[in-house]
Amino acid sequence: MIEQGHIENVTCVANATDRYSFSTPHYYLISLYWSITTMSTIGYGDIYPVTTAEYVYTIVAMVVGVSLYAYTIGNISALIAHFDAHNTLIREKTENLNDFMRRKKLPSNLRRRLRRYFRYSWSKQGLPFNEQMLMSEVSLPELKDEIVTFLHGEVIKKVPFFKGKDANFTASIVSRLVPLRVSDGETIVRRGEVGRDVFFIVRGRVDVIQPGTDTVMMTYPEGSYFGDIAVFVTGMNIATHKAGVGSSVELYSLSKDDFLRVLSEHPMISKELRKVSYARLDKMKDAEEGDVLTNIDGISVDRRRRTSRGSYKLDEHNIQRITKKASMFVEEL
């Protein structure tokens, strides 16, 4: 006689056998379901598929759901990265710079100076979409001048060089400026080097050093510009220029080629600036001969006060005299 418990066990086994007697493709479908559930980290719930149709539906639902989730997260990540694109690019450039300095085994002091220089330069350039890229896309002259004037309003206001100048000339100059930052006491140009740039001081001061000594013979204050004597008259720097002790200097540089190219389109301004450069050279020679000055920019185009020789007109005779003096000056270098 068969006991009741034994009959119930047999019935359960029979039902289980009937339930899981699937075809081979169905077992592959179950395996695919398990793989997707595991890889997508969805997990296993209390409700699960049983029939082939349910497995197919669940697999499709999981794939679509995970794809939508990944798409949403990807867009959010891209949006955040876009907001920080500038800093991200600077970090990448800094990492490349550090790798280069390590490979070349540069000294620590030089590494710090290079990092300061490039971080300041990159921060001012407005990467990745910078001013040069923008201006190359704008063809309307009036709109281009307005953009440049707005972007460089601080420089235009602080540097008297641009005061009263033609708007087109000003726009042409400031659009070519390259930002620089120099630590206090650091050399900007050296005596005897070929003059390749004109510099405009936005913050700080620049000291002109007496040749053969460390004595400051004159100073360019905030808002001044220098380098024009080498560009217009001598062809090379006639004195060493250093950032004033006690504060760093922020300035903009303009290459000689760009400067002369812009001036070729504005002959009257070019003539005026050349006269100022001649007067500056004469004043610098006086300072080197013993008249220590505090500010070199106290010069007008037509007249200039001198310490013990009264005043004079900056006419062609004086320009020829200064030119001859400049030639002798260059020979000394």
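Mentor: Welcome! Let's fix one term at the start: buried means under 20% relative accessible area, exposed means over 50%, and partly exposed is in between (1.4 Å probe, protein chains only). This is a predicted model, in which local features need pLDDT of at least 70, side-chain atom pairs count only at pLDDT 80 or more, and totals for chains, interfaces and linings use all residues. Residues are numbered from 1 along each chain as its sequence is written, and side-chain values use heavy atoms, leaving out hydrogens and water.

Trainee: Thanks! How many helices and strands does the chain have?

Mentor: Helices (H or I, at least four residues) and strands (E, at least two) are DSSP runs, numbered from the N terminus. On that basis the chain has 13 helices and 10 strands.

Trainee: What percentage of the 333 residues count as buried?

Mentor: Let's begin with how the chain touches itself, where contact means heavy atoms within 4.5 Å. Among contacts between residues at least 6 apart in sequence, 70% join residues at least 24 apart. As for the 333 residues of the chain, the share that counts as buried is 36%.

Trainee: Now for helix packing. How is α9 oriented relative to α11, roughly parallel or roughly antiparallel?

Mentor: Axes are lines fitted to C-alpha atoms, for helices over the stretch in contact, and angles run from 0 to 180 degrees between N-to-C directions. Angles under 35 degrees count as roughly parallel, over 145 as roughly antiparallel, 65 to 115 as roughly perpendicular, and the rest as oblique. Helix α9 (residues 167–174) and helix α11 (residues 256–263) pack at about 165°, their axes 10 Å apart. Therefore α9 lies against α11 roughly antiparallel.

Trainee: And how many nonpolar, polar and charged residues make up the contact of α9 with α11?

Mentor: Ala, Val, Leu, Ile, Met, Phe, Trp, Tyr, Cys and Pro count as nonpolar, Asp, Glu, Lys and Arg as charged, and the others, Gly among them, as polar. From α9 come Phe169, Ser172 and Ile173, which meet Phe259, Val262 and Leu263 of α11. The contact of α9 with α11 therefore divides into five nonpolar, one polar and no charged.

Trainee: Which residues does Thr170 contact, leaving aside its neighbours within four places in sequence?

Mentor: Thr170 also sits in helix α9. Its relative accessible area is 7%, so Thr170 is buried. With the neighbours within four places in sequence set aside, Thr170 is in contact with Ile156, Phe162 and Lys165.

Trainee: On to charges. How many salt bridges does the count come to?

Mentor: A salt bridge is a side-chain nitrogen of Lys or Arg within 4 Å of a carboxyl oxygen of Asp or Glu. By this rule the count comes to 10.

Trainee: How many residues apart are Lys158 and Glu222?

Mentor: Their side chains meet in a salt bridge, at 4.0 Å from N to O. The pair links distant parts of the chain: Lys158 is in helix α8 (residues 153–158), Glu222 is in the loop between β5 (216–220) and β6 (225–226), and the separation is 64 residues.

Trainee: How do those two rate for accessibility, buried, partly exposed or exposed?

Mentor: Lys158 has 29% relative accessibility. Glu222 has 45%. Both Lys158 and Glu222 therefore count as partly exposed.

Trainee: Which strands hold Glu250 and Arg203?

Mentor: Glu250 forms a salt bridge with Arg203, with the closest N and O atoms 2.9 Å apart. The pair joins distant parts of the chain, 47 residues apart, with Glu250 in β8 (residues 249–255) and Arg203 in β3 (residues 197–203).

Trainee: Of Glu250 and Arg203, which is buried and which is partly exposed?

Mentor: Relative accessible area is 14% for Glu250 and 33% for Arg203. So Glu250 is buried, and the partly exposed partner is Arg203.

Trainee: Which residues are joined into one network by salt bridges that share partners?

Mentor: Let's pass by another pair on the way: Asp258 forms a salt bridge with Arg261, the closest N and O atoms being 2.6 Å apart. The network itself, built from salt bridges that share partners, joins Glu154, Lys158, Arg203, Glu222 and Glu250.

Trainee: Last one: what is the phi of Lys105?

Mentor: Lys105 is in the loop between α4 (85–104) and α5 (108–125). With a relative accessible area of 70%, Lys105 is exposed. Although Lys105 is not a glycine, its phi is positive, at about 55°.
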